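Let us take a walk through this structure together, one stop at a time. Keep the viewer open and follow along as we go.

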Amino acid sequence: MHEVSHQRVKTNGIWLHIAEQGTGPLVLLLHGFPEIWYSWRHQISFLANHGYHVVAPDLRGYGDSDSPVSPTSYTVMHLVGDIIGLLDHFGEQAFMVGHDWGAVIGWHLALFRPERVKGLINLSVPYYSRNPNAKFAESLIRTYGDGFYISQFQEPGRAERAFTRYDYLTVIKKFLLITQTDNLIAPPGMEIIDYLRTLSRLPPWITEEELQVYADKFQESGFTGALNYYRAMDL
């Protein structure tokens, strides 16, 4: 079996980096926040060994993919358009697997272009239909207040400045190793990054070296592209 290979594909006016392995029916694996293609490292090889052509992109704003500066370049139409361009590149339908923001893309891809989707598996984010009478982020802010993480992600630069109080590895640990099950709401006057705990011991499913892969990549790219997804929610 071939190893994972990497290339950049021109799609929807930008370049996306993809990791791919295997041959057979196409499976697209779409990551969430704050992740990269590497989140699917175990699934890529497993599916490739079971007869699938597996493609895991760095979504726009992440990793080695292009990262437009303006939040207006991160609407769901842009995000779905990127994946349609990948499907056009490979000339196929695909099985779609999405996690977090990747699930949002998966839901809307199936809604907008069902003929391109063979099957859909989504993790952690259910489908929310658009309410024409309310803006999504605004309604969350009214409901949960300024301490809610999505509320704090709205203002350009706010979260980025707060994140700089920590090294990149600590930021990644705080988000990827969350153990609480309630809404992520910081106390009044506190930034969400300060509220999140840093575990003293890693769980058995990830290593320090693996977490460092994420940290190194976000040190190169910064967090603005990833945060722009939240800043475009009301668009």
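G63 sits in the loop between β4 and α2. Bear in mind that what you see is a predicted model. Is G63 buried or exposed? Its relative accessible area is 13%, so G63 belongs with the buried residues, for which the cut-off is under 20%. If you set aside the neighbours within four places in sequence, G63 is in contact with I36, D58, K217 and S221. You can also use G63 as a reference point for Y168: the two are 105 residues apart in sequence, and their C-alpha atoms are 14 Å apart in space.

From that loop we can move on to helix α2 and its packing partner. Two packed helices are described by the angle between their axes and by the distance between those axes. Helix α2 covers residues 76-90 and helix α3 covers residues 101-112. Their axes are 9 Å apart and meet at an angle of about 75 degrees. That angle falls in the range 65 to 115, so α2 and α3 count as roughly perpendicular to each other. Which residues make the contact? On the α2 side they are V76, M77, L79, V80, I83, I84 and L87. On the α3 side you will find W101, V104, I105, H108, L109 and F112. Sorted by type, the residues of this contact comprise twelve nonpolar, one polar and no charged.

Next to look at is the backbone, where a few torsions deserve a closer look. D100 is in the loop between β5 and α3, and its phi is near 60 degrees, a positive value in a residue other than glycine. With a relative accessibility of 18%, D100 counts as buried, because the cut-off is under 20%. S124 also has a positive phi, near 80 degrees, and is likewise a residue other than glycine. S124 lies in the loop between β6 (117-123) and α4 (136-144). Its relative accessible area is 57%, which makes S124 exposed. For a cis peptide bond, turn to the step from F33 to P34, where omega is near -15 degrees. P34 has its place in the loop between β3 (26-30) and α1.

Now for the aromatic rings. How many aromatic pairs are there? The count comes to 24, with ring centres required to lie within 6.5 Å. One of them joins Y52 and F95 in an edge-to-face arrangement, with 6.2 Å from centre to centre and 85 degrees between the planes. Y52 is in the loop between α1 (41-49) and β4 (53-57), while F95 is in strand β5 (residues 94-99), so this pair ties together parts that are 43 residues apart in sequence. Both partners are partly exposed: Y52 has a relative accessible area of 26%, and F95 comes to 30%.

Another edge-to-face pair is formed by F163 and F223, at 5.1 Å centre to centre and again with 85 degrees between the planes. F163 belongs to helix α6 (residues 158-163) and F223 to the loop between α9 (208-221) and α10 (224-231), so the parts tied together here are 60 residues apart in sequence. Here the rings are in buried residues, F163 with a relative accessible area of 3% and F223 with 6%. A ring can also meet a charge: K174 lies over the face of Y166, at 4.7 Å from the ring centre.

Right after F223 comes T224, which lies in helix α10. T224 is partly exposed, with a relative accessible area of 34%. Beyond its neighbours within four places in sequence, T224 is in contact with E160 and R231. The C-alpha atom of T224 is separated by 9.4 Å from that of S70, although the two residues are 154 places apart along the chain.

Our last stop is N183, in the loop between α7 (168-176) and α8 (192-195). At 38% relative accessibility, N183 counts as partly exposed. Which residues is N183 in contact with, leaving aside its neighbours within four places in sequence? They are Y144 and F148. Y149 is 34 residues away from N183 in sequence, and 8.7 Å separate their C-alpha atoms in space.

Technical notes: Residues are numbered from 1 along each chain as its sequence is written. This is a predicted model: local features need pLDDT of at least 70, side-chain atom pairs count only at pLDDT 80 or more; totals for chains, interfaces and linings use all residues. Side-chain values use heavy atoms; hydrogens and water are left out. Rings of Phe, Tyr and Trp (its six-membered ring) pair if their centres lie within 6.5 Å; planes under 30 degrees apart count as stacked, over 60 as edge-to-face and the rest as tilted. Helices (H or I, at least four residues) and strands (E, at least two) are DSSP runs, numbered from the N terminus. Buried means under 20% relative accessible area, exposed over 50%, partly exposed in between (1.4 Å probe, protein chains only). A charge sits over a ring if NZ of Lys or CZ of Arg is within 6 Å of the ring centre and within 35 degrees of the ring normal. Axes are lines fitted to C-alpha atoms, for helices over the stretch in contact, and angles run from 0 to 180 degrees between N-to-C directions. Angles under 35 degrees count as roughly parallel, over 145 as roughly antiparallel, 65 to 115 as roughly perpendicular and the rest as oblique. Contact means heavy atoms within 4.5 Å. Ala, Val, Leu, Ile, Met, Phe, Trp, Tyr, Cys and Pro count as nonpolar, Asp, Glu, Lys and Arg as charged, and the others, Gly among them, as polar.
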